[in-house]
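Welcome! Take a look at the sequence and the model below, then work through the exercises one step at a time.

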Amino acid sequence: MVKERARILVVGGGYVGMYTALRLQRKLKRELERSEAEITVVTPDPYMTYQPFLPEAAAGSISPRHVVVPLRRVLDRCRVVVGEVTSIDHAKRTAALTTLATEEEGTGAQQLSYDELVLAPGSISRTLPVPGLAEHAIGFKTVEEAIGLRNHVIEQMDIASSTRDPAVRDAALTFVFVGGGYAGVEALGELEDMARYTARYYHNIRPQDMKWILVEASDRILPEVGEEMGRYTVTELRRRNIDVRLNTRLESCADRVAVLSDGARFPTRTVVWTAGVKPHPLLAATDLPLNERGRLKCTAQLTIEGITHAWAAGDAAAVPDVTAEEPGKETAPNAQHALRQAKVLGDNIAHSLRGEPLETYSHKYVGSVASLGLHKGVAHVYGRKLKGYPAWFMHRVYHLSRVPTFNRKARVLAEWTLSGLFKREIVSLGSLEHPRAEFELAAGGKPPHDPSNDPKGSS
């Protein structure tokens with residue numbers, strides 16, 4: 001039994017937010033039925049995106065609908081609010097909330113009161129003051145970006161196939177990816193694999209006509225899978241005629257020209273930025289303690305340091321790594337920790353409400369897996385190093401076991417089975433991004449989208 005009625009506010013609907021709320025639903029089932037507790041989840045999107053599947057969604061191996069998990073279906077005992085928390089005053093236990101109706105109502109942000117706070121807003125792309133980056137680049141953190149990038153790549157092949165200008169063709173077939181972590185390497189590997197397959201349906205485009213460039217500021221890629229597997233990945237990508245440039249930075253992408261720190265210049269219509277993440281801006285709009293990197297200072301029990309009734313985990317939290325030999329080391333901001341921390345976080349909130357002792361978050365290193373395209377991958381799991389098809393198979397098995405709900409597991413498995421039996425889809429549905437353009441043109445208005453002003457070249 002909880003000591004008193006508890007209003008639990010979960011900010012964020014990603015890994016930590018969804019799994020914490022899901023855990024609380026189970027742990028506080030009786031309390032929720034007796035209205036002794038209530039759980040409110042505030043999220044900008046009504047779904048949780050399983051980000052490890054974004055590269056396969058971009059390549060067309062998985063439908064975009066199956067990369068996301070609808071929160072209202074999964075969190076049936078919670079109140080799900082689609083909106084954004086803009087600031088938090090924990091001293092008063094209030095959060096300022098804006099929803100889709102806030103602007104139309106004209107009443108400003110509403111104040112949401114709570115008793116227990118779970119901060120899990122995640123992270124955003126970490127950008128640098130690179131000239132032209134904001135105008136010409138695209139990220140790879142959301143399902144919208146993944147599908148938009150797929151449409152864009154196929155569209156560039158259409159442009160290259162139809163133009164008579166060699167400079168336009170060369171720029172259309174040059175694709176620059178910045179960042180050698182999971183997101184950059186997997187996105188590049190899957191899209192290059194997809195584009196190479198698509199080229200067979202163009203009479204005047206060959207795979208060797210395309211330039212794929214990976215730019216990484218450090219001396220290695222995929223540090224999560226170990227140095228040996230990282231070197232193998234570089235060798236494998238270069239064998240596929242992908243230009244991997246280590247110890248290199250993107251200096252500028254203004255005027256549709258990617259300028260690198262080694263002096264190379266590539267006219268291109270595609271720059272994909274995956275060079276790390278930074279804490280969500282919401283954290284700076286709270287009265288909670290932050291570390292020098294802007295993340296919440298947390299304890300090993302996932303409480304916020306020195307603060308009562310406030311909890312955090314995932315990308316937004318600096319959680320001490322109690323298993324590390326080096327003192328002061330923190331857990332890495334990745335999905336593997338987020339999933340595990342969410343379970344401990346949900347349990348600890350239930351323990352706290354019932355006056356029970358809290359658990360300490362500790363973990364064992366399971367390993368890392370990465371896909372480099374169809375039937376290609378690298379893995380370092382339980383001390384074993386795999387490459388090629390076995391690693392790719394391990395990648396699929398691991399993520400199939402981790403994607404939430406049996407419904408999603410079944411749908412993803414069915415799509416993988418069908419994609420193995422039939423040919424890839426090579427259709428670009430760029431019109432999905434501007435659905436009213438055709439109607440406005442027919443109605444005599446000006447289309448809201450002018451292709452000549454599109455920095456990414458979408459038609």
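## Exercise 1: A hairpin

Ala379 has Leu386 as its bridge partner in strand 24. This comes from a predicted model, in which local features need pLDDT of at least 70, side-chain atom pairs count only at pLDDT 80 or more, and totals for chains, interfaces and linings use all residues. Residues are numbered from 1 along each chain as its sequence is written, and side-chain values use heavy atoms, with hydrogens and water left out.

**Task.** Find out how many bridges join strand 23 to strand 24, and whether the two run parallel or antiparallel.

**Solution.**
- Step 1: Settle the terms. Strands (E, at least two residues) and helices (H or I, at least four) are DSSP runs, numbered from the N terminus. Two strands pair if DSSP finds at least two bridges between them.
- Step 2: Locate strand 23 at residues 377–381 and strand 24 at residues 384–387; 4 bridges join them, and they run antiparallel.
- Step 3: Look at the turn. The two strands form a hairpin with 2 residues between them, and Tyr382 in that turn has a positive phi of about 50°.

## Exercise 2: The sheet of 7 strands

**Task.** Work out the strand order of the open sheet of 7 strands, then name its edge strands.

**Solution.**
- Step 1: Read the order, which is 7-6-5-2-1-8-20, with mixed pairing.
- Step 2: Go to the ends. Strand 7 (110–113) and strand 20 (310–312) are the edge strands, as each pairs on one side only.
- Step 3: Check the twist. On average, neighbouring strands of this sheet are turned by 40° against each other, direction ignored.
- Step 4: Zoom in on one pair. Strand 2 (residues 37–43) and strand 5 (residues 79–89) run parallel and are joined by 4 bridges. Here Val41 stands opposite Val80 in strand 5.
- Step 5: Add the helices. Angles run from 0 to 180 degrees between N-to-C directions, with axes as lines fitted to C-alpha atoms, for helices over the stretch in contact; contact means heavy atoms within 4.5 Å. Helix 1 lies across strand 1 (6–11), strand 2 and strand 8 (116–119), at about 165° to strand 2. Helix 11 (residues 335–353) lies across strand 1, strand 8 and strand 20, at about 165° to strand 20.

## Exercise 3: The sheet of 5 strands

**Task.** Describe the pairing in the open sheet of 5 strands and find what packs on the sheet.

**Solution.**
- Step 1: The order is 10-17-11-12-13, and the pairing is parallel.
- Step 2: The edge strands are strand 10 (137–138) and strand 13 (242–245), each pairing on one side only.
- Step 3: Strand 11 (residues 174–178) and strand 12 (residues 211–215) run parallel, joined by 5 bridges. Val178 stands opposite Val215 in strand 12.
- Step 4: Helix 9 (residues 182–198) packs on the sheet and touches strand 11, strand 12 and strand 13; its direction makes about 175° with that of strand 12.
- Step 5: Helix 10 (residues 227–239) lies across strand 12 and strand 13, running at about 145° to strand 13.

## Exercise 4: Aromatic rings

**Task.** Classify the ring pair of Tyr15 and Tyr50.

**Solution.**
- Step 1: Recall the rule. Rings of Phe, Tyr and Trp (its six-membered ring) pair if their centres lie within 6.5 Å; planes under 30 degrees apart count as stacked, over 60 as edge-to-face and the rest as tilted.
- Step 2: The whole structure holds 7 aromatic pairs. For Tyr15 and Tyr50, the centres are 6.1 Å apart and the planes stand at 75°, so this pair is edge-to-face.
- Step 3: Tyr15 lies in helix 1 (residues 15–27) and Tyr50 in the loop between strand 3 (47–49) and helix 3 (54–59), so the pair ties together parts 35 residues apart in sequence.
- Step 4: Ring pairs link Tyr15, Tyr50, Phe53 and Trp416 into a cluster.

## Exercise 5: Buried or exposed?

**Task.** Decide whether His66 counts as buried or exposed, and do likewise for Phe439.

**Solution.**
- Step 1: Buried means under 20% relative accessible area, exposed over 50%, and partly exposed in between (1.4 Å probe, protein chains only).
- Step 2: His66 has 6% relative accessibility, so it counts as buried. His66 touches Arg408, Arg411, Val412 and Glu415, not counting residues up to four places away in sequence.
- Step 3: Phe439, in helix 14 (residues 437–442), has 58% relative accessibility, so it counts as exposed.
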